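Welcome, and thanks for taking a look at this one with us. Please open the sequence and the coordinates side by side before reading on.

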Amino acid sequence: MVKSARVPNRLERRGPRAGARDVFARERDLGREIVPLVEHGVPGIEVLAVELVSPSRFCVYVDHPQGVDHALCARVTHLLEPWRGEYTIDVSSPGPERPLRKPGHFERAVGHAVALRVAEELAGKTRLRGEVLAAGPRAVRVATATGDFEIPYENILRANLVDEGDGKP
């Protein structure tokens, strides 16, 4: 009997974190396409994040000064019709664990707890949790259990507020 060698799959050949990098790269690409379309198509709306939920589903998190309701989500969903052939699309309000992607998001989060996923390890970790100490034009400073880190925005793959149940944003 001849044993056949298992052929590594596409993600294994490129390294253990290559698949995650592909997901975040695709999210960025989708965001570049979707954000201007939605923000131009619905006055006052802000697209907070575009996140791949699965290879065939993404969620667009939106906010609006007058709040996010079903009618607003339906308007955004209608604008995203060109992506319906390839994806199932969700549109959502940010909720208490709102996504943080832009410098302004981090500026509003100073003093609040956040969870971050970074591309390059910090203190041997790619997932961090801590308090936003400061947010500048190029980086955010976060105090974690293992120390304070100045994290360039381009190193942040995902970040969200941590719901501490205190009712604060």
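The notes below cover a pocket, a sheet and a loop residue.

## The largest pocket

Please keep in mind that this is a predicted model. Its largest pocket holds about 430 Å³ of space. There are 18 residues lining this pocket, and those closest to its centre are Glu27, Arg28, Leu48, Arg101 and Leu157.

Which elements each supply at least two residues of the lining? They are helix H2 (18-41), strand S1 (46-54) and strand S8 (156-161). H2 gives the largest share, with six residues. By residue type, the lining of the largest pocket splits into 11 nonpolar, six charged and one polar.

## A sheet of three strands

S1, which helps to line the pocket, also belongs to an open sheet of three strands in the order S1-S2-S3, where the pairing is mixed. S1 and strand S3 (88-92) are the edge strands, each pairing on one side only. On average, and with direction ignored, neighbouring strands of this sheet are turned by 20° against each other.

If you would like to follow one pairing in detail, try strand S2 (residues 57-63) with S3: the two run in the parallel sense, over five bridges. Cys59 is a handy place to look, as this residue stands opposite Asp90 in S3.

## A loop residue with positive phi

Most residues other than glycine have a negative phi. Ala123 is not a glycine, yet has a positive phi of about 50°. You will find Ala123 in the loop between strand S4 (113-122) and strand S5 (125-135).

Conventions. Residues are numbered from 1 along each chain as its sequence is written. This is a predicted model: local features need pLDDT of at least 70, side-chain atom pairs count only at pLDDT 80 or more; totals for chains, interfaces and linings use all residues. Side-chain values use heavy atoms; hydrogens and water are left out. On a 1 Å grid over the protein atoms alone, a cavity is a set of points where a 1.4 Å probe fits but cannot get out, and a pocket is an open set with protein on both sides within 12 Å along at least five of seven lines; lining residues have an atom within 4 Å of a point. Grid points are joined across faces, edges and corners, and a volume is the space filled by probe spheres set on the points. Helices (H or I, at least four residues) and strands (E, at least two) are DSSP runs, numbered from the N terminus. Ala, Val, Leu, Ile, Met, Phe, Trp, Tyr, Cys and Pro count as nonpolar, Asp, Glu, Lys and Arg as charged, and the others, Gly among them, as polar. Two strands pair if DSSP finds at least two bridges between them. Axes are lines fitted to C-alpha atoms, for helices over the stretch in contact, and angles run from 0 to 180 degrees between N-to-C directions.
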